[in-house]
Amino acid sequence: MSAVFLRELGLACALGRHVDEVAAGLFAADRPRGLEISEACSPGRPMPLGWVPGGLDPLADWPLPLRGRNNALLALAAASLQDAVAAEAERFGAMRLGVVLGTSTSGVGESEQANIHRIATGRWPEDFHYRQQEMGTPARFLAELLGLRGPAHVISTACSSSAKALASAARLLQAGFCDAVVAGGADSLCRFTVAGFDSLGAVSDRRCNPFSRHRAGINIGEGAALFLLTRQEGPVRLAGWGESADAHHMSAPDPAGAGPEACIREALARAGRRPQEIDYVNLHGTATLQNDAMEAGVHHRIFGQDCPASSTKPMTGHTLGAAGAIEAAVAWLCLARNPQRRLPPHWWDGEADPALATVRLARPGETVSRLRRVLSQSFAFGGSNIALVLEAE
């Protein structure tokens, strides 16, 4: 199989509006950045949320079905890729460039606001179209934005969505269906997602605290991450991926972690690497009781106590369908924009849960002598699991 490279990155999340801002916040050692206390998605109940800072393009010149916050996040992230994508389209033709995205919300935020208006007034607002909430809308928008005419589709498998989009893009390249693919994902904050997780008792009113004995649930965030994937060499190679579906429960992970362990081992095998060759693991790290217990056991069985790891969700929030791509972007930044070989810090209270298997959590300001291979893992509702191995060239 031909090698697949992550050539370019566009990124926006709670840590910043572009790659350099995110990198600065990600590796900062003095305090955790990113989250802000807000009632915007939970009136009367302040909680930390991972908003993308600053305003977004309202997309007023676009057809109504393509307007919305999710697509505005994609437009912000895509700005960093446009020149490189245009060069690939000139070289191969727009029909040879594809789009694969992951999302879990699409335009549900716009539907939410439209329903609030309808309840109050008895009619739908003029600036709403039901197609805004279709799952395929983000891929249609991004293809139009970039002028691409190849395969374009969306994957929606909850929190594994956009990591699966990267694996799907790699398969399009290796099968010869495309010569370049723009892949990643986006999800936007709205009341619907916050209320949904709160109904499960999974939302924390404080900054999330992964792997602590005091962990109390997740913080929700938003963002977008997009990569230009090609067979031509770039700074980072997508060396391996593994996927599994254990279907243990609709929302709870299998306590034994058989599915997550299988996908990690498959990713390592595809990359041709042993666990001890991985220099850092970006954990799913949701700070829920069940996920952290399962994930700690899986990590300990595969990587032991020596491989440094961290959850970056205390800085970005859990960005749901965008999480896999945003955390792959964290891995990319570790490898491509990190000459000091800094580790993304694990921000928590430092009080380990004695019931969990030991995980070597990265300290703020910690550097390592080697940082060439990173594994990022995402575990979703319904037992949809994926792990990615990224390598510096």
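Leaving aside neighbours within four places in sequence, Glu222 is in contact with Cys13, Ala14, Gly50, Trp51, Val52, Arg69, Leu73, Asp187, Ser188, Leu189 and Thr319. The model is predicted. Glu222 sits in the loop between strands E7 and E8. Its relative accessible area is 0%, so Glu222 counts as buried. Two polar partners of the Glu222 side chain were identified. One is the side chain of Arg69, reached by a polar contact of 2.7 Å. The other is the backbone nitrogen of Val52, at 3.0 Å from the Glu222 side chain. Arg69 and Val52 also appear in the contact list of Glu222.

Arg69 leads to helix H2, which spans residues 69–78. Nine of the ten residues of H2 are buried, so this helix is largely enclosed by the rest of the structure. The buried set runs through Asn70, Asn71, Ala72, Leu73, Leu74, Ala75, Leu76, Ala77 and Ala78. Leu73, one of these buried residues, is in contact with Glu222. The buried residues of H2 pack against both helices and strands. The helices are H3 (82–92) and H5. The strands are E1 (5–12), E4 (97–102), E6 (180–187) and E8 (223–230).

H2 also borders an internal space. The count of cavities of 30 Å³ or more comes to one. The largest cavity holds about 40 Å³ of space. Its lining consists of Arg67, Gly68, Arg69, Asn70, Asn71, Ser106, Gly107, Glu110, Gln132, Thr137 and Pro138. Helices H2 and H5 (137–146) are the elements that give two or more residues to this lining. The largest share, three residues, comes from H2. By class, the cavity lining has seven polar, three charged and one nonpolar residue. Arg69 therefore has two roles in this description: it lines the largest cavity, and its side chain makes the polar contact with Glu222.Pockets were examined next. The second largest pocket has a volume of about 340 Å³. It is lined by 19 residues, of which Arg69, Gly109, Glu110, Glu112 and Gln113 are the closest to its centre. Arg69 and Glu110 are named here and also in the lining of the largest cavity. Helix H4 (residues 108–121) gives the largest share of the lining of this pocket, five residues. The lining divides into nine nonpolar, six charged and four polar residues.

The largest pocket has a volume of about 520 Å³. Of its 31 lining residues, Ser251, Ala252, Pro253, Thr288 and Phe381 are the closest to the centre. Helix H9 (289–303) and strand E12 are the elements that give two or more residues to this lining. H9 provides the largest share, four residues. By class, the lining of the largest pocket has 15 nonpolar, 13 polar and three charged residues.

Phe381 also takes part in an aromatic pair. The structure holds three such pairs. In one of them, Phe381 is paired with Phe197. A pair of aromatic rings is described by the distance of the centres and the angle of the planes. For Phe197 and Phe381, the centres are 5.6 Å apart and the planes are 35 degrees apart, and the pair is tilted. Phe197 belongs to helix H7 (residues 191–199), while Phe381 lies in the loop between strands E12 (373–380) and E13 (384–392), so the pair ties together parts that are 184 residues apart in sequence. The two rings differ in exposure class. Phe197 is buried, at 13% relative accessibility. Phe381 is partly exposed, with a relative accessible area of 35%.

A further buried site lies in the loop that follows H7. Asn209 is placed in this loop, between H7 and strand E7 (220–221). Its relative accessible area is 11%, under the 20% cut-off, so Asn209 counts as buried. The side chains of Asn209 and Ser212 are joined by a polar contact of 3.2 Å. With neighbours within four places in sequence left aside, Asn209 is in contact with His214, Arg215, Ala287, Trp348 and Asp349.

Conventions:
Residues are numbered from 1 along each chain as its sequence is written. This is a predicted model: local features need pLDDT of at least 70, side-chain atom pairs count only at pLDDT 80 or more; totals for chains, interfaces and linings use all residues. Side-chain values use heavy atoms; hydrogens and water are left out. On a 1 Å grid over the protein atoms alone, a cavity is a set of points where a 1.4 Å probe fits but cannot get out, and a pocket is an open set with protein on both sides within 12 Å along at least five of seven lines; lining residues have an atom within 4 Å of a point. Grid points are joined across faces, edges and corners, and a volume is the space filled by probe spheres set on the points. Ala, Val, Leu, Ile, Met, Phe, Trp, Tyr, Cys and Pro count as nonpolar, Asp, Glu, Lys and Arg as charged, and the others, Gly among them, as polar. Rings of Phe, Tyr and Trp (its six-membered ring) pair if their centres lie within 6.5 Å; planes under 30 degrees apart count as stacked, over 60 as edge-to-face and the rest as tilted. Buried means under 20% relative accessible area, exposed over 50%, partly exposed in between (1.4 Å probe, protein chains only). A polar contact is a pair of N or O atoms within 3.5 Å; within protein, one must be able to donate a hydrogen and the other to accept it, and residues adjacent in sequence count only if both atoms are side-chain atoms. Contact means heavy atoms within 4.5 Å.
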